[in-house]
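Open the structure in your viewer and keep the selection tool at hand. The stops below are meant to be taken in order.

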Amino acid sequence: MKRLLRSVAAAGVLALVTPAAAFAQEEPESVQSRWVMVDWMLETFFVFAGFALVVFIWAWKAGHFHDLERQAAIPLLIEEEDYYTPDWAFDEEEWDDVPER
């Protein structure tokens, strides 16, 4: 596990240090210099997307996405007072079938 962690850390550091060569000169005027920003953006996207994928797989394996239906029903079971409906709205005919507070 330590070997894997060291490898991932080394790859991350290498991915962040390698594009530093783009700042070696102020503003190079070449055809390739137009793609410097695109290279940074694409590399950053892949680094963060890879990190997000690893975290998602870890969360899935840890069981954070199992039995979501039961977890989603828990807030529905909480009974609390209706603070949002004004009192005059209960006088309307459409509220006749709603139980009183």
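The tour starts with the whole chain, then goes through helices, aromatic rings, a surface patch and a charged pair.

**Whole chain**

Begin with everything selected and coloured by confidence. This is a predicted model, and the mean pLDDT of the chain is 79, with 77% of the residues scoring at least 70. Where pLDDT is low, the predicted coordinates should not be read in detail. Switch to a cartoon: there are 3 helices and 0 strands, giving the pattern α-α-α along the sequence. Confidence is highest in α2, at 91, and lowest in helix α3 (residues 68-73), at a mean of 80.

Now show the surface. The chain exposes about 10,000 Å², and 65% of this comes from carbon and sulfur atoms. Of its 101 residues, 5% count as buried.

**Helix α1**

Select residues 2-17, which make up helix α1. Put a distance label between its end C-alpha atoms; they are 22 Å apart. This agrees with the expected span, because 16 residues at 1.5 Å a residue should cover 22 Å. The helix is hardly covered: 0 of its 16 residues are buried.

**From α1 to α2**

Next, select A15 and E43. The two are 28 residues apart in sequence, yet their C-alpha atoms are 7.8 Å apart in space. E43 belongs to helix α2 (residues 36-62). Is E43 buried, partly exposed or exposed? Its relative accessibility is 27%, so E43 counts as partly exposed, since the buried class ends at 20% and the exposed class begins over 50%.

**Aromatic rings**

Stay on α2 and show the side chains of F56 and W60. How many aromatic pairs does the model hold? The count is 4. F56 and W60 form a tilted pair, with 6.1 Å from centre to centre and 45 degrees between the planes. The pair is called tilted because an angle under 30 degrees would be stacked and one over 60 edge-to-face. Both residues lie in helix α2, 4 residues apart, about one turn of the helix. An α-helix has 3.6 residues a turn, so residues three or four places apart point the same way.

Check how open these two side chains are. F56 is partly exposed at 41% relative accessibility, and W60 is partly exposed at 43%. Add F65 to the selection: ring pairs link F56, W60 and F65 into a cluster.

**Nonpolar patch**

Extend the selection to L53, I57 and L68. Together with F56, W60 and F65, these residues form a nonpolar patch on the surface, with about 570 Å² of accessible area. Which helix gives the largest share of the patch? That is α2, with 4 residues. I57 is in helix α2, and its relative accessibility of 44% makes I57 partly exposed.

**Charged pair**

For the last stop, select D67 and R70 and show their side chains. Side chains of opposite charge can pair when their charged atoms come close. Here the side chains of D67 and R70 meet in a salt bridge, at 2.6 Å from N to O. The structure holds 1 salt bridge. D67 has 40% relative accessibility and so counts as partly exposed.

Terms used:
Residues are numbered from 1 along each chain as its sequence is written. Side-chain values use heavy atoms; hydrogens and water are left out. Helices (H or I, at least four residues) and strands (E, at least two) are DSSP runs, numbered from the N terminus. Buried means under 20% relative accessible area, exposed over 50%, partly exposed in between (1.4 Å probe, protein chains only). Rings of Phe, Tyr and Trp (its six-membered ring) pair if their centres lie within 6.5 Å; planes under 30 degrees apart count as stacked, over 60 as edge-to-face and the rest as tilted. Accessible areas come from the Shrake-Rupley method with a 1.4 Å probe; for residues, only the protein chains shown count as cover. pLDDT is the predictor's confidence in each residue, from 0 to 100. Patches are made of residues with over 30% relative accessible area and no salt bridge: like charges are joined within 9 Å, nonpolar side chains (Val, Leu, Ile, Met, Phe, Trp, Tyr) within 5 Å. A salt bridge is a side-chain nitrogen of Lys or Arg within 4 Å of a carboxyl oxygen of Asp or Glu. The expected span of a helix is 1.5 Å times one less than its number of residues.
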